[in-house]
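Welcome, and thank you for taking a look at this structure. Please have the sequence and the 3D view at hand as you read along.

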Amino acid sequence: MYVVIFNNRGGIPVIAHPGDNLRNNMDMIDNIIKEGIRGIEVFSGYHTPDQVAYFQNKAEKNKLIITCGSDFHGKNKPHIQLGDCKCIFAETYLIDRLKEAVTIKL
């Protein structure tokens, strides 16, 4: 039997495109991790290759879920293409890691 555990609102806290949100305060990610996030959107259309490496290292070091996202919003963000986040992992790999993170074997 398996039980899926989420936070009390039904979701898993993951910081979205931190390279864009944190801008020049990249070290803030350590404080955010301490607050209890469960994942980092490592691969994002907003991130430079250096930011991807930085956030991937942070996620792996802290055993956090790695997610990908293009942040596509259609006409509101015409420079961003649907699915263009340059993720190096197979979708199945990411889904399996997510399942592992939220499932506890009883």
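Let us begin at one residue and work outwards. Ala101 is partly exposed, with a relative accessible area of 26%. This alanine belongs to helix 4. Please keep in mind that the model is a predicted one. Leaving aside residues up to four places away in sequence, Ala101 touches Arg38 and Ile65. Ala101 and Ile65 are 36 residues apart along the chain, yet their C-alpha atoms are separated by 7.2 Å.

**The chain as a whole**

Now for a wider view. The chain holds 4 helices and 5 strands. Read from the N terminus on, its elements follow the pattern β-β-α-α-β-α-β-α-β. The chain has 106 residues, and buried residues make up 31% of them. Among contacts in the chain with a separation of 6 or more, 66% join residues that are 24 or more positions apart.

**The sheet**

How are the strands of the open sheet ordered? The sheet has 3 strands in the order 2-3-4, and the pairing is parallel. Strand 2 (14-15) and strand 4 (65-69) stand at the edges with a single partner strand each, so one side of each is left without a neighbour in the sheet.

Strand 3 covers residues 39-44 and pairs with strand 2 in the parallel sense over 2 bridges. In this pairing, Val14 has Gly39 of strand 3 as its bridge partner. Strand 3 also pairs with strand 4, again in the parallel sense, over 5 bridges. Here Glu41 stands opposite Thr67 in strand 4. Strand 3 is mostly covered, with 6 of its 6 residues buried. As a general point to try out while you turn the view, the side chains in a regular strand alternate between the two faces of the sheet.

**A helix across the strands**

Helix 3 (residues 49-61) lies across strand 3 and strand 4, and runs at about 155° to strand 3. Lys58 is a good residue to look for in helix 3. Is this lysine buried or exposed? Lys58 has a relative accessible area of 12%, so it counts as buried, the cut-off for that class being under 20%. Not counting residues up to four places away in sequence, Lys58 touches Ile29, Asp30, Ile33 and Ile40.

One of these contacts, Asp30, sits in helix 2 (residues 28-34). Asp30 is partly exposed, at 27% relative accessible area. From C-alpha to C-alpha, Asp30 and Lys58 are 8.4 Å apart in space, with their positions 28 residues apart in sequence.

**Two residues with positive phi**

In general, most residues other than glycine have a negative phi. His17 has a phi near 25°, a positive value in a residue other than glycine. Lys63 is not a glycine either, and has a positive phi of about 55°. Where do these two residues lie? His17 is in the loop between strand 2 and helix 1 (18-21), and Lys63 is in the loop between helix 3 and strand 4. His17 counts as buried, whereas Lys63 is exposed.

The table gathers the relative accessible areas of the residues we have met.

| Residue | Relative accessible area | Class |
|---|---|---|
| His17 | 12% | buried |
| Asp30 | 27% | partly exposed |
| Lys58 | 12% | buried |
| Lys63 | 76% | exposed |
| Ala101 | 26% | partly exposed |

**The largest pocket**

The last stop brings back some familiar names. The largest pocket has a volume of about 170 Å³. Its lining is made up of Arg38, Ala59, Glu60, Lys63, Leu64, Ile65, Ile66, Phe89, Tyr93, Leu94, Arg97 and Ala101. So the list includes Ala101 and Ile65 from our starting point, along with Arg38, which Ala101 touches.

Which element gives the largest share of this lining? That is helix 4, with 4 residues. Helix 3, strand 4 and helix 4 (91-102) each supply at least two residues of the lining. By class, the lining has 8 nonpolar and 4 charged residues, and no polar ones. Lys63, the loop residue with a positive phi, is also part of the lining.

Note on methods:
Residues numbered from 1 in each chain as written. Predicted model: local features only at pLDDT ≥ 70, side-chain atom pairs only at ≥ 80, totals over all residues. Heavy atoms only, no water. Pairing = 2+ DSSP bridges. Contact = heavy atoms within 4.5 Å. Axes fitted to C-alpha atoms, helices over the stretch in contact; angles between N-to-C directions. 1 Å grid on protein atoms, 1.4 Å probe; cavity = no way out; pocket = protein on both sides within 12 Å on 5 of 7 lines; lining within 4 Å. Points joined across faces, edges and corners; volume = space filled by probe spheres on them. Nonpolar A, V, L, I, M, F, W, Y, C, P; charged D, E, K, R; others polar. Buried < 20%, exposed > 50% of the residue type's maximum accessible area, 1.4 Å probe, protein only.
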